[in-house]
Amino acid sequence: MNISKIRQFAHEGNVSKETLKYLLNCYSECEHLDYKEKIELKSDHACASFGKDVVAMKNVGGGFIVVGVKDKTWEKVGIDSPMPYDSKKLIDQVRRSTGLDLVVDIIHHKVYIKEEELLFALILVRSTIKRTKLRNPSICSISFNAREKWGIRAGDRYIRKGESTVRIKTEAEMEELLDYLEMQYNQSDLEESNIEVSPFAVESGLYRLLPQGYERFIGRKDAKKKLIEAIEKDPRIWIYNLYGPGGVGKSALANWLVYNAYEKRQFESIIQLSAKERELSTTDCRVKSLTPSLLSVEDFLDNILRLFEHEEMCNSSLDKRKKTVIDIMDAYTMLCVLDNMESVSDARILDFVYNLPPSTKAKVLLTSRTRTPQWEYPIQLNEFSNLEIIEFIKFRNEELMIDFPSDKVSIDKLSTLTGGLPLAIQWTLGIYNKTKDIAIALNKKSQSSSPLLEFSFRNSWDILSTTAQKAMAVFSIFDNSPTIQLWSSTLDWAIETLEKAINELELATFINRRIDVKSSKEIYTALPITILFAKQQLSNMGNLEKNSIHRYNNYIGKLELFDFATRRYDGKFKKFDAKSDHQKKAILLSIQAEDEIQNMHLEAANKFYKEALDTDPRSIYTLVSYANFKVSNGRYTKALSLIQEAQKHVTKKNGFYIYHASFKIYKEMRDDNKRIECLRKALEFDPTYNVARHELGFSLSRIGKFDEAIKEFDCIIDFELTRSNGPTKQILFAMKTKYTTLVRAKRNSEAELFLNNALELIESYESIKGHKLELAELRSG
């Protein structure tokens with residue numbers, strides 16, 4: 001959860017379905033986010049509670065109340081029907097209990113949770129984020145059931161503190177909260193900037209799944225049945241070929257199979273890879289280079305070896321790697337999905353799969369645009385039927401809030417125009433969403449190049465602004481789904497400019513935005529065929545391609561400076577010295593427990609942790625992971641006993657990990673002295689980890705040890721200035737928090753002097769000079 005991002009969503013008034021999805025996946029409350037299973041405002045007590053929550057959230061900068069989520073467990077249960085309150089009625093209820101006229105909005109969204117459509121209410125409490133205005137909070141102007149313990153008295157001031165609504169008495173309490181929140185925003189932004197985006201949407205235990213790519217799977221009833229029957233029918237067959245034309249939905253059907261098998265735990269392991277080394281048009285064979293997750297037979301084998309924590313084998317000979325993978329496939333029931341196999345240039349991948357021994361427990365699904373001449377079980381995927389087109393249009397109409405007609409004449413025209421390809425249908429709806437003109441959406445133009453590419457994209461491309469066209473063209477150079485920061489840096493545009501282009505591209509359905517499960521970052525995705533068309537357009541835009549690639553490479557080069565990310569993602573067995581079988585088993589059991597937590601199966605998670613400790617009572621990974629689980633459930637005593645047991649086995653290799661985990665536990669317990677003690681010990685093992693040093697400075701400032709806090713921020717600044725390629729954005733976070741600390745210590749003249757020097761310093765470094773305005777804005781706060 002990024003508290004800074006949630007505040008920004010509220011400030012922008014963003015009540016979109018994507019915002020709701022992000023909030024639902026936070027699994028935690030904060031000053032700007034509150035979960036409610038339901039809201040009923042008929043009683044005075046309920047009205048008072050709601051009024052307090054709204055006033056409190058307004059006083060910290062606004063936020064969201066999500067209705068349809070159980071408190072504490074954060075289980076997404078939805079609501080049975082829309083709430084009987086519009087924005088005006090909610091505002092009236094707040095005025096009734098507090099006397100205040102505050103701005104409250106409500107909107108309802110339907111979201112698919114594990115293929116079940118659930119209804120949620122999203123309540124937005126609007127406010128300012130300017131520090132000068134927040135210093136003067138809204139004060140209740142009337143008394144409401146003042147004699148009751150839960151009542152409200154005129155003059156009451158409420159704020160959000162963590163996940164609670166509390167009453168404050170002094171301005172000092174308000175000022176302290178605002179200082180704390182400012183540091184929290186900086187810390188959240190810093191942590192997010194240091195997270196690598198994983199290519200996998202699910203990366204848990206022995207499961208590696210690529211992004212699902214859809215909210216709801218439409219139609220394909222017969223195809224789903226045929227695919228499942230084929231895989232379950234004959235144990236002697238282990239290779240299946242799902243084939244059909246480009247854009248027909250092979251990848252989507254394969255994704256449905258993978259996630260369905262994952263939810264049912266049908267296989268002990270699932271790995272899903274894409275061989276998109278090159279993307280070809282179905283008619284003109286134009287090539288677009290991509291970065292695949294499956295490149296060669298070595299890469300294929302290494303993916304499986306890393307999945308089963310045999311990373312040490314990746315440097316072995318090819319024969320040894322093959323033998324180990326064959327042994328794994330003999331020992332575990334496994335589903336391997338190899339997508340877009342027509343792009344494979346290394347025939348050894350298929351050769352390996354074809355020659356698996358009869359003893360294998362693996363099932364291998366290949367997707368391809370053509371049926372191969374080999375002996376694998378063929379499954380052809382045909383175009384949408386008219387009934388499936390109607391179902392697809394109904395869903396997209398609801399999602400895009402449009403009214404594309406579904407009468408027989410329109411459906412027949414759409415089917416003829418698109419050939420029933422879901423991809424082409426989707427873009428036709430995008431044209432209609434943009435123009436609201438059915439004649440334009442269904443008008444077929446003669447094109448000299450690929451019918452699929454030109455028809456699917458040309459009409460919607462031509463009605464885009466020049467800015468949106470350039471943004472989409474540059475999208476084609478990315479190896480993986482970009483964040484808005486990467487995209488804007490590659491274009492050398494302000495984020496505000498890119499956001500306008502993104503809104504256009506989303507309306508025309510060229511791109512989609514989603515939240516990366518692992519990093520919680522918002523990223524943008526496009527289908528490969530879309531990227532191919534965009535690449536063709538980029539080649540006609542002069543120096544835009546050359547300049548964008550140069551800026552992209554520079555950006556990636558800067559990211560590689562964050563070497564701590566490499567340390568975080570080393571193989572777990574190697575990192576925790578798990579050499580024996582029982583040590584490895586304990587870690588695998590703990591990973592399984594974490595997977596159960598993600599699926600809200602808390603009792604099952606507890607059982608896995610206990611089994612892991614029975615297997616290896618000294619497993620550092622298990623002790624720390626189990627302690628974090630106990631903290632999340634409020635079991636602080638048990639969490640402390642687990643983390644203290646881990647501390648008995650500290651080594652140079654694991655010391656930082658243990659004490660940094662200890663810090664997080666004491667942070668949840670609000671024990672400032674212990675969290676500082678743990679951070680100091682952690683930094684003894686790794687003094688270069690500036691995120692932890694920033695946390696130490698933040699913690700010291702929080703308890704009033706301003707001089708010690710400033711020394712830590714100075715240490716970060718000095719370290720950043722020694723970088724050969726210039727300082728990174730970490731120096732900005734340190735400068736901002738040091739300035740905030742000086743102001744909080746009432747050393748205003750020293751703060752101003754430091755800020756002036758910092759602004760001059762930033763101006764002299766190309767790597768950060770673009771953020772000068774961001775630092776200068778501290779004065780207005």
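Student: In which helix is the place of L773?

Tutor: In this predicted model, L773 has its place in helix α34, which runs over residues 772-776.

Student: Is L773 buried or exposed?

Tutor: The general idea is to compare the relative accessible area with a cut-off, and a residue counts as exposed over 50%. L773 has a relative accessible area of 61%, so it is exposed. As for its position relative to another part of the chain, the C-alpha atoms of L773 and E594 are separated by 42 Å, the two residues being 179 residues apart along the chain.

Student: How should I read R208 in strand β8, and is it buried or exposed?

Tutor: Here the other cut-off applies, since buried means under 20%. R208, which lies in strand β8 (residues 207-209), has a relative accessible area of 15% and is therefore buried. Once neighbours within four places in sequence are left aside, the contacts of R208 are F200, V202, E203, I270, I271, Q272 and L307.

Student: What span should helix α7 have, and on which side do its buried residues lie?

Tutor: For the span, one takes 1.5 Å a residue, so that the 13 residues of α7 (residues 221-233) should span 18 Å, and the end C-alpha atoms are indeed 18 Å apart, which agrees. For the sides, the general idea is that an α-helix has 3.6 residues a turn, so residues three or four places apart point the same way. In α7 the buried residues are A223, K224, L227, A230 and I231. Because these residues cover an arc of only 135° around the axis, they are on the same side of α7. The exposed residues K221, D222, K225, E232 and K233 are carried by the face turned away from that buried side.

Student: Against which elements do the buried residues of α7 pack?

Tutor: Their packing partners are β9 (239-243), α8 (250-264), β14 (362-368) and β15 (377-380).

Student: Which residues have the most contacts inside the largest nonpolar core, and which elements contribute to it?

Tutor: The largest nonpolar core has 43 residues, and I587, I643 and I665 are those with the most contacts inside it. Among the elements that give two or more residues to this core are α24 (581-598), α27 (636-647) and α28 (655-668), while α26 gives the most, with eight residues. Taking I643 as a case, and leaving aside its neighbours within four places in sequence, one finds it in contact with V624, A627, I658, A661, S662 and I665. There is also a second, separate core of 35 residues, which includes I271, L301, M329 and M341.

Conventions
Residues are numbered from 1 along each chain as its sequence is written. This is a predicted model: local features need pLDDT of at least 70, side-chain atom pairs count only at pLDDT 80 or more; totals for chains, interfaces and linings use all residues. Side-chain values use heavy atoms; hydrogens and water are left out. A nonpolar core is a set of buried Ala, Val, Leu, Ile, Met, Phe, Trp, Tyr and Cys residues joined through side-chain atoms within 4.5 Å. Buried means under 20% relative accessible area, exposed over 50%, partly exposed in between (1.4 Å probe, protein chains only). Helices (H or I, at least four residues) and strands (E, at least two) are DSSP runs, numbered from the N terminus. Contact means heavy atoms within 4.5 Å. The expected span of a helix is 1.5 Å times one less than its number of residues. The arc is that of the directions from the helix axis to the C-beta atoms.
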